[in-house]
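Here is a quick walk through some local features of this model. Keep the structure open while you read.

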Amino acid sequence: MLMRVHCLAFILLATACGTDERPGVGTGGAGGSPTPALECDRDGDGAIAGRCGGDDCNDDDAAISPQAPEICGNAVDDDCDGQVDEDCTCVPGDVRSCFPGAESERHVGACTDGHQICGSDGAWGACADAVTARPEEDVCNGLDEDCDGAADGERLGACGVCGAPQPEVCGNGLDDDCDGVTDNPAVCHLTCAGVDAAAPEPSWLACCTQDPATGERSIGPVPHSFGCVESEGLAGCATDERRCHAVDPAITCVKRCSGADCVCGVDEGGAVVPHAGCGFETPCAFLGCEGRSDQPCYSGPPHTLGVGICRGGRTSCESAGWGACEGEVLPGLEICGNGLDDDCDGQIDEADGATGKRCVVGALCAPGAEERCGNGLDDDCDGGVDELCVANGTEQACYRGPASTRTVGACRDGVQHAAGLVWGPCIGDVLPGAEICGDGVDSDCNGLGGEGQLEDPGCVTAPPVPETCNGVDDDGNGLVDDGVVNACGRCGDDPPCSVGRFDSPAACDAAEGRSCQQLAPLDGDPSIVTIDTDKRVGLPEFAMYTYGLGVDKYDIETGELVWSVPLTGRANIQPPGARLQVMPDNSVWAGTDTRWAPATYTYHEELSLLYHVDRNGNVLCEVDIVGGVQGIAADPAGFIWVAAGFEGIRTPEPPAFGYVARRHLHKFHPSRVHLFQPDGTPWPNGVPQCWEIDLAPGDPLETGLELPVAPMVIRIDSRGTLWGSGPAETGGANPHLLRLDTRTLAFEYIESRVDRAQTLAADDWLYSFSRVSPELVATPPEPPYATRDEGLLHEVVVQVPAAIKRECPVLLAGGKYLMLRGWAPNSDLAIHTIDARTGVVGEIDIPPELEAQNPYPFLEEDPLGRLWISGACGHLTYVPALGRYDPQTGGWLQICVPDYRPTISSDVFGTAYRRRLASTGRWSQIVDSIYPGTFWQRLDWQEYVPTGTAVEAYVAFADNEAEFDGAPITCGPFSSPPIDLNGCEGQGRRFARVELVLRSGATMARPYVRNIELGWSRP
């Protein structure tokens, strides 16, 4: 900035004087007495300066003027007659320097001294070979011909160099056009913030997320494209104003148009081939600073960046544009003798910045220092060696630098030849220069930086070294890591510049978009989150779905009916099965595959429904499920998954009937509903429709996920893996296990012995029972599906004795309990305790009054560890009952119910679901970067993970928050921090959701997490 002001002062001065550069200016009217104007008589001696048309040869010294007497011996033209020491006597043969021009111009710009020789008459001769001031040439040549200290004067552009300034380039942190504003908002005014990647508005801002020429998605804005696209605010593609830019200066780019289609590329045999180094400007070339922080910047003339002392700084975006450029060093006045290029013009100590006079080479001499002949040094610091000394030979070694640097490092003597009686100029000496780091040469001749020497702390990096992302200005241009940092000014391997820090993750209500499940602060500290030690799974409530009538809620202590809710009056239909899932808030999702009216053997496809009932018996929503609900389960996030059943009845005559597998999974939001139909009218039955999440967005006719085989029973473990079982074909042949990731929807089929029943343990092992073998099958949660000990089989198989083989097994608590019975009348109902590793180890007797014919038994465990079964109020009766067994006391309680008979269910208490949540904590946070095209870089956290516990991380990406309710692009799982997200598929999306899953071990050990950080860079 100082350099700019200095140059401007010279320009203003030249302008002011230039307008009055004629005789008589500043005098009175015709015939009046002369009255010198201040600007043309600075020294007040009454003589008008030569720059204003007068004859004062030194307007800075009142002792020098046409009226002053000549003073002998000072080598100055005191009386401004063009002669020095005329009429003064001297010693014949003496030689001295002289300058016939103004003293203020001596040693300034092109002005140089001449020399005088004392003649035989004892008088000084004429001043020969001097160069005095002359008018500036009418070209911008970098020369100061008029010796005013400013080369080229007002011919210089705004940046202080010849030629017009470059246009402003947005986003580079430079004041390219030297208007005093970095990335001038008047030019760099567009924004990509909030632009919808799918439907940008306005449309010409598509360059924010994709190449406008190719339509290919881009992580960041595209400022240049080899294909020209018509855009608002830019010249037409076919016009001369729309230029083809060489984005890479090393590439020669050409423009070729065919009609309205224009291409910017390289010429290959007459054909223009697109090249990444060439491109037309898009609107994104004019983006503002966009909230970026810690960005390289430089507010001085761009050509001075990295030259001399000038260095760039760092700045951050503020509301009105870039803030102050902190840490930058701008050009200043050159200071003689400090060995620095203070004005950043590429020259060191070339001229004093205040006066324009050339600096003497080397160290400053003491006042009054005199030249000593014969030592080959510049003793008086006037730039000459042994000047005016009698030459006692034809040549001698000479050195113009400081005596202390002579022959040190790279510094070397030159030679001066005799010029008549005296020595001529010193030629060829090597003087101290800029020290280049690491080159092994002591360029500044201070004894450091040479081969085998210590590094000079004042060294600078040589420009040829390429810039690398290391926090050092490798190429010496004044900007650290320029060109190799991300859009926010950081190295790609460094922590990103935009970081979401979640310092208090256990403060679950403190941040929007945050969700916590089964988590708590560690010892009350909100900065540390861990799994809640409270293993209670909810209120002691019993809600169950009963055949034909609706949802009934029973008190698990007294067995009393709390309330009963008919499901839209369809009690006259007898379904052959139903499914039910109780949630942690004690609301109930119930589904039925209502297809069969036994009285008429007719098919009722329209009565296949899914319901959501709150804890007080209010129906929140319902929805038709084509094919009926065969399986229902809740994932760890609370979303409801439904396995659709069968499409229709093919044989109308009883008892044989057929069906066609529908093979679909559906997903429903736990709380959202559709209050009205799409046309805005109420639903016909007045009940809102449950909100289904579209798992097939590419299919306008289908919202479910189509599967090759339809599962009949589904379970979802604490990792979000959905397990399904059922026959691969009608009739029960080829049993299988379906394994589906509810986040990514990726699935696989595992050949299995399992055909129907299954349950999940707290450690996420799947326990199933094959009715055919009979066998108890344990499947590990992750492949390879092998035994924990031997690692040989894909499943652990426990043979169940044939004596207890039954048709309708029900499993509970990770294979610990197995209830079996047959279809035949009077067949026993039995509960067996099972060791999943060794087989049957015990049996629980059931009271005779509960052992009634019941082809649809269920076995459930309530939150207090008591077992519940379905039965009858008397032997060989059809009056339904519930039986409750307490393992602590061994006692039974029989509860007769008014319903036709209890249902077979998935989880009538929600106990298994809540236990999985209790042993697993889930923390998630949605982050909005505000900007499309975000590059998500890094996820980090601190953790303590005892043996047997685990912490997993997932990161999901979306263009909007609503996509997180569906199937967003998910990356993970990751098992240990930090996580490099560079390879994740979801790059370029505006939103990210971080999810951490904490799993406790078999003991009381719990992991904990703190200091969660998500880092990203914005284009």
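## Leu 745 and Cys 147: positive phi

Leu 745 is buried, its relative accessible area being 14%. This is a predicted model, by the way. You'll find Leu 745 in the loop between strand S36 (735–741) and strand S37 (747–751). Its backbone is worth a look: Leu 745 isn't a glycine, yet it has a positive phi of about 70°.

Cys 147 is another non-glycine residue with a positive phi, here about 55°. It sits in the loop between S2 and S3. With 3% relative accessibility, Cys 147 falls under the 20% cut-off, so it counts as buried.

## Two cis peptide bonds

If you're checking omega values, go to the bond from Glu 201 to Pro 202: it is cis, with omega near 0°. Pro 202 belongs to the loop between S2 and S3.

The bond from Pro 977 to Pro 978 is cis too, with omega near -10°. Pro 978 is in the loop between S53 and strand S54 (979–980).

## Disulfides

Counting sulfur pairs gives 23 disulfides. One of them joins Cys 140 to Cys 162, with an S to S distance of 1.9 Å. The torsion about that S-S bond is about -85°, so the link is left-handed. Cys 140 and Cys 162 both lie in the loop between strand S2 (114–117) and strand S3 (224–225), so this disulfide ties together parts that are 22 residues apart in sequence. Neither cysteine is buried: Cys 140 is partly exposed at 31% relative accessible area, and Cys 162 is partly exposed at 37%.

Next, Cys 192 and Cys 208 are joined at an S to S distance of 1.8 Å. Their S-S torsion is about -85°, so this disulfide is left-handed. Both ends are in the loop between S2 and S3, 16 residues apart, and both Cys 192 and Cys 208 are buried. Then there's the disulfide of Cys 310 and Cys 344, whose sulfur atoms are 1.9 Å apart. With 95° about the S-S bond, that link is right-handed. Cys 310 lies in the loop between strand S9 (295–297) and strand S10 (313–315), while Cys 344 lies in the loop between strand S12 (321–322) and strand S13 (395–398), 34 residues away. Cys 310 and Cys 344 are both buried.

## Nonpolar cores

Which residues touch the most other members of the largest nonpolar core? They are Leu 939, Trp 941, Leu 981 and Leu 1014, in a core of 27 residues. Strands supplying at least two residues each to this core are S19 (525–531), S50 (920–928), S51 (935–944), S52 (950–958), S53 (969–974), S55 (991–999) and S56 (1008–1017). A separate core has 17 residues, among them Trp 563, Val 582, Val 613 and Phe 858.

Back to Trp 941 for a moment. Leaving out neighbours within four places in sequence, its contacts include Val 951, Ala 953, Leu 996, Val 1009 and Ile 1012. Polar and charged residues appear in that list as well, including Ser 976, Arg 1010 and Asn 1011. Pro 977 is also one of the contacts of Trp 941, and that proline is where the cis bond to Pro 978 starts.

## Ser 587

Is Ser 587 buried or exposed? At 4% relative accessibility, Ser 587 is buried. It is placed in the loop between strand S23 (578–582) and strand S24 (588–592).

The side chain of Ser 587 makes a polar contact of 3.1 Å with the side chain of His 612. Beyond four places in sequence, Ser 587 touches Gln 581, Val 582, His 612, Val 613, Asp 614 and Arg 615. Two of these, Val 582 and Val 613, are members of the 17-residue core.

## Helix H2 and Ala 881

Helix H2 (residues 911–918) is mostly covered, with six of its eight residues buried. Those buried residues are Thr 911, Tyr 913, Arg 914, Arg 916, Leu 917 and Ala 918.

Ala 881, in strand S48 (residues 880–886), is buried at 0% relative accessibility. Its C-alpha is 6.1 Å from that of Ser 870, and the two residues are 11 apart in sequence.

Terms used:
Residues numbered from 1 in each chain as written. Predicted model: local features only at pLDDT ≥ 70, side-chain atom pairs only at ≥ 80, totals over all residues. Heavy atoms only, no water. Helix = DSSP H or I, 4+ residues; strand = E, 2+ residues; numbered from the N terminus. Buried < 20%, exposed > 50% of the residue type's maximum accessible area, 1.4 Å probe, protein only. Polar contact = N/O pair within 3.5 Å; in protein donor to acceptor, adjacent residues only side chain to side chain. Contact = heavy atoms within 4.5 Å. Core = buried A, V, L, I, M, F, W, Y, C linked by side-chain atoms within 4.5 Å. Disulfide = S-S within 2.5 Å.
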